[in-house]
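Visitor: Before we begin, I would like to hear how each label is earned, with the criterion set beside the value.

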Amino acid sequence: MSASRSLFCQHVLLPEGWTSDVTLTIAANGSIASIETGPAQSRASQHAAGPVVPALHNLHSHAFQRAMAGLAELAGSTDDSFWTWREAMYRLVGRMSPDDIEAVAAKLYSELTKGGFGHVVEFHYFHHAAGGRRHANPAETSLRILRAARATGIGLTLLPVFYAHAGFGGAEPGQGQRPFIHDADQFLALLDALKPECAATGATLGLAVHSLRAATPEEMRTILSAEATGGPIHIHVAEQEREVEDCLAWSGRRPVEFLLDEMPVDGRWCAIHATHMTPGETIRLARSGAVAGLCPATEANLGDGIFPATDFARDGGAYGIGTDSHVATSVAEELRLLEYGQRLRDRRRNRLAGGPGASVGRTLFDAALKGGGQAAGQPTSGIRVGARADLVVLDGDNPFIAAATGDQLLGRWLFALGSEAIRDVMAAGQWVVRQGRHRNEEEIDRAFREVLLKLV
Ligand code: ZN
């Protein structure tokens, strides 16, 4: 798209609420240039084919894991857990080339756009080849992630991950972890190399520390004092009970407690999972300004536990959603499971609604838009002037959608329909999904199928 164009929306969810008869003008750089209210303007170049809402940010992805989604649902000889799943994931990593990573990431990102995401935060720790053999360009696999995002049109926040150890206290990494490992100097050099690459492609660069298991506090301080990305900082924390026990044995403190005591956690930070917290940790994390990065489908799949979302939201905590291992790839599935986990625990309904009479779907959607934007380093999110034009058009021909108004639309989409409610998706002003199909779907599927036939 070279010149500005306009989109007439009969119903659209703006920051101030549902609004009728709105014309959005989209600038050549893919951002929203103006928002005007009034009857269908003859100069609007296109009309949205249904109600329009902002596309959300997916705040947590390990793209390569999409290749194994659904194949670990097979009982082993012992008690299956997160830790046995992780062994299966290491076996996959040992067989994937940079070409494979790119093809799988492109497939995943096309699926995410169809699921209602306009932006993805890639928590990227798969840096090297099998056994830890270095690629000629140390940034090779990160560049493949950038290419996959460009091919699909999804917005990208790239978080190269620092990963150095197998367990608390600086334990030596195992063989399966070798493709992930850097020392602090190598990691800082990787960030420097990626800065111009991200700037050239419009991606946001931040960084991540894999977990308190994978980095010592000294290494984390070295990296945090030297990095100059200005972008978000993410970390996996308190996903599993064993991690809490190991952290207590090592430090005398629980993981979230340790993180908040020892690191300068603020609004730049996103605590991924944070499933296992005491009430005191929950309040402290909420008040830190950090976002809780929740991945309800993966957390259910891996048997992690249930995040204390009702308490965290009551304490003013910000949260967003990610798809992590990608057993699900849609906005609806993650938000629905987030709410249902709270209901199953409490044996009550409508746990995350914003107050009496408030729509659960609307509360969840607004929270994930705000928290996801913050965690992606994109604070100007939603349909507003200056924001990227990342839009989801619900299917006006679907009878559930056609007969709904206002927040009922979110209730139908998120709790009763799922991705079939989505017709078109725009990312940075470009239509990437039309009538439920991604613009490069055939080409992306062909490459992905070849990778699967080779790997599986
Ligand atoms: Zn993760």
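Guide: What follows is a conversation about the metal site, the cavities and the aromatic rings.

Guide: This is a predicted model, in which local features need pLDDT of at least 70 and side-chain atom pairs count only at pLDDT 80 or more, while totals for chains, interfaces and linings use all residues. Residues are numbered from 1 along each chain as its sequence is written, and side-chain values use heavy atoms, with hydrogens and water left out.

Visitor: Which residues are the protein donors of the zinc ion, and what makes an atom a donor?

Guide: Donors are N, O and S atoms within 2.8 Å of the metal (3.2 Å for Na, K and Ca), and sites may look incomplete because water is not among the atoms. His60, His62 and His236, each through NE2, and Asp324, through OD, lie 2.1 to 2.6 Å from the zinc ion, and they are its protein donors. Their spacing along the sequence is H-x1-H-x173-H-x87-D.

Visitor: Why is the arrangement around the zinc ion called irregular?

Guide: Four donors count as tetrahedral if all angles lie between 85 and 135 degrees, four count as square planar and six as octahedral if opposite donors are over 155 degrees apart and all others between 65 and 115, and anything else is irregular. The four donor atoms here subtend angles of 83 to 173°, which makes the arrangement irregular.

Visitor: What makes the pair His236 and Asp324 a tie between parts of the chain?

Guide: His236 belongs to strand 11 (residues 233-237) and Asp324 to the loop between strand 14 (318-321) and helix 11 (331-346), so the pair ties together parts that are 88 residues apart in sequence. Helices (H or I, at least four residues) and strands (E, at least two) are DSSP runs, numbered from the N terminus. Both His236 and Asp324 are buried, a word that means under 20% relative accessible area, against over 50% for exposed and in between for partly exposed (1.4 Å probe, protein chains only).

Visitor: How many cavities of 30 Å³ or more does the structure hold, and what counts as a cavity?

Guide: There are two of them. On a 1 Å grid over the protein atoms alone, a cavity is a set of points where a 1.4 Å probe fits but cannot get out, and lining residues have an atom within 4 Å of a point. Grid points are joined across faces, edges and corners, and a volume is the space filled by probe spheres set on the points. By that reckoning the largest cavity holds about 170 Å³, and among its 20 lining residues Phe82, Tyr125, His210, His236 and Glu239 are the closest to its centre. Helix 1 (residues 82-93) gives the largest share of that lining, five residues. The second largest cavity holds about 50 Å³, with Gln65, Trp85 and Asn301 among the residues of its lining.

Visitor: How do you know that Phe64 and Phe126 form an edge-to-face pair?

Guide: Rings of Phe, Tyr and Trp (its six-membered ring) pair if their centres lie within 6.5 Å, and planes under 30 degrees apart count as stacked, over 60 as edge-to-face and the rest as tilted. The structure holds 12 aromatic pairs; in the one formed by Phe64 and Phe126, the centres are 5.1 Å apart with 75° between the planes, an edge-to-face pair. Phe64 has a relative accessible area of 5% and is therefore buried, and Phe126, at 1%, is buried as well. The ring centres of Phe307 and Phe312 are 5.2 Å apart and their planes lie at 75°, so that pair is also edge-to-face.

Conventions:
1 Å grid on protein atoms, 1.4 Å probe; cavity = no way out; pocket = protein on both sides within 12 Å on 5 of 7 lines; lining within 4 Å.
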